[in-house]
Amino acid sequence: MGRAFEFRKERKLKRWSKMAVQFTRLGKEIVMAVKAGGGDPNTNSRLRTAIQNSKAVNMPKDRVEAAIKRAISRDEKDYEEIVYEGYAPHGVAILVETATDNINRTVANVRSYFTKYGGSLGKTGSLDFIFSRKSVFTFEPGDRDLEELEFELIDAGLEDLFVEADENGNDIAVVHAAFEDFGKMQKAMEEAGLEVKSAKLERVAQSFHEVSEEQVTDIMKLIDRLEEDDDVQAVYHNMQE
């Protein structure tokens, strides 16, 4: 079948693996949302957002419903959200968001990854000057007049609106707002008739650390290993090539 077949097979396996990780993370987010605010998305905005994000990555509807049922029945474990901060090799800042049912296991694993790949774990709050928490929304721009849309969303706390390419090379519009304006912006976008593809609270780097191609390889070993851990929900960095 040749090398082309093997290449396609490897790409497919990587895509399936990435989807499985996304489904696991969203399943946890759904459980935490239900436990915090109940199983009705009409009255639980966090759950409504988690379901919206699950649709964006094509998470099967039965998996979403199963996660909600588990959380409602209280059979599902409780998860605690913890943030770890540190530095990768070559001085790149790394922030790791986790959701865990075993803090001792999670901190031991995260610390071991930093140590193994030449990084160091720091104290909570040590990267506050590098990352700020933002409300981040995406939608397909289509024929929408984005300049006009900016005026519509300014009162809801719009800080930035730009278009970038997604992983498939298609245009995707990105909206940034302050952390505390998440609900207000989500409502404003719905009222503007936008079909939001994803809505998240993310850590956005305010300053960047430039690295070489060779150094990127070292840093990505740590980031990849962190992202493979089942307790890790998101990994952020300030690397700039």
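Biologist: Which strands does helix α5 lie across?
Modeller: Helix α5, residues 146-153, lies across β4, β5 and β6. Its direction is at about 150 degrees to β5. Axes are lines fitted to C-alpha atoms, for helices over the stretch in contact, and angles run from 0 to 180 degrees between N-to-C directions. Contact means heavy atoms within 4.5 Å.

Biologist: And what sort of model and numbering is this?
Modeller: This is a predicted model, in which local features need pLDDT of at least 70 and side-chain atom pairs count only at pLDDT 80 or more, while totals for chains, interfaces and linings use all residues. Residues are numbered from 1 along each chain as its sequence is written, and side-chain values use heavy atoms, with hydrogens and water left out.

Biologist: How are helices and strands assigned?
Modeller: They are DSSP runs numbered from the N terminus: H or I over at least four residues for helices, E over at least two for strands.

Biologist: Back to the strands under α5. What is the strand order in the sheet with β4, β5 and β6?
Modeller: The order is β5-β6-β4-β7, four strands in an open sheet with antiparallel pairing. β5 (158-165) and β7 (196-205) are the edge strands, each with a single partner, so one side of each has no neighbour in the sheet. On average, neighbouring strands here are turned by 25 degrees against each other, direction ignored. Two strands pair if DSSP finds at least two bridges between them.

Biologist: How many bridges between β4 and β6?
Modeller: Six, in the antiparallel sense, between β4 (residues 131-139) and β6 (residues 171-178). Within that pair, K134 stands opposite A178.

Biologist: Now the other sheet. What order do β1, β2, β3 and β9 take?
Modeller: That open sheet of four strands reads β3-β1-β2-β9, again with antiparallel pairing. Its edges are β3 (120-121) and β9 (232-237); each has a single partner strand, so one side of each lacks a neighbour in the sheet.

Biologist: What joins β2 to its partners?
Modeller: Eight bridges link β2 (residues 93-100) to β1 (residues 80-87), with A99 as the bridge partner of E81. Five bridges link β2 to β9, where T98 stands opposite V232. Both pairs are antiparallel.

Biologist: Is β2 buried or exposed?
Modeller: Eight of its eight residues are buried. A93, L95, E97 and A99 point one way, and I94, V96, T98 and T100 point the other. Buried means under 20% relative accessible area, exposed over 50%, and partly exposed in between, with a 1.4 Å probe and protein chains only.

Biologist: Which helices lie across β2?
Modeller: Helix α4 (residues 103-116) lies across β1, β2 and β3, at about 20 degrees to β1. Helix α7 (residues 213-228) lies across β2 and β9, at about 160 degrees to β9.

Biologist: Which residues of α4 are buried?
Modeller: T106, V107, V110, Y113 and F114. Seen down the helix axis, the buried residues of α4 fall within an arc of 130 degrees, so they line one face; the arc is that of the directions from the helix axis to the C-beta atoms. Their cover includes β1, β2, β3 and α7. On the other side of α4, N104, T115 and K116 are exposed.

Biologist: What about the ends of α4?
Modeller: At the start, a side-chain oxygen of N102 comes within 3.3 Å of the backbone nitrogen of N104. That is a polar contact: a pair of N or O atoms within 3.5 Å, where within protein one must be able to donate a hydrogen and the other to accept it, and residues adjacent in sequence count only if both atoms are side-chain atoms. Just after α4, G118 has a positive phi of about 80 degrees.

Biologist: Which residues other than glycine have a positive phi?
Modeller: N58, at about 60 degrees, and H90, near 70 degrees, are among them. N58 sits in the loop between α2 and α3 (61-73) and is exposed at 60% relative accessibility. H90 belongs to the hairpin of β1 and β2, which has five residues between the strands; H90 is partly exposed, at 34%.

Biologist: One more. Is N53 buried or exposed?
Modeller: Buried, with a relative accessible area of 8%. N53 lies in helix α2, residues 45-56. Leaving aside neighbours within four places in sequence, N53 is in contact with L26, K197, S198, A199 and K200.
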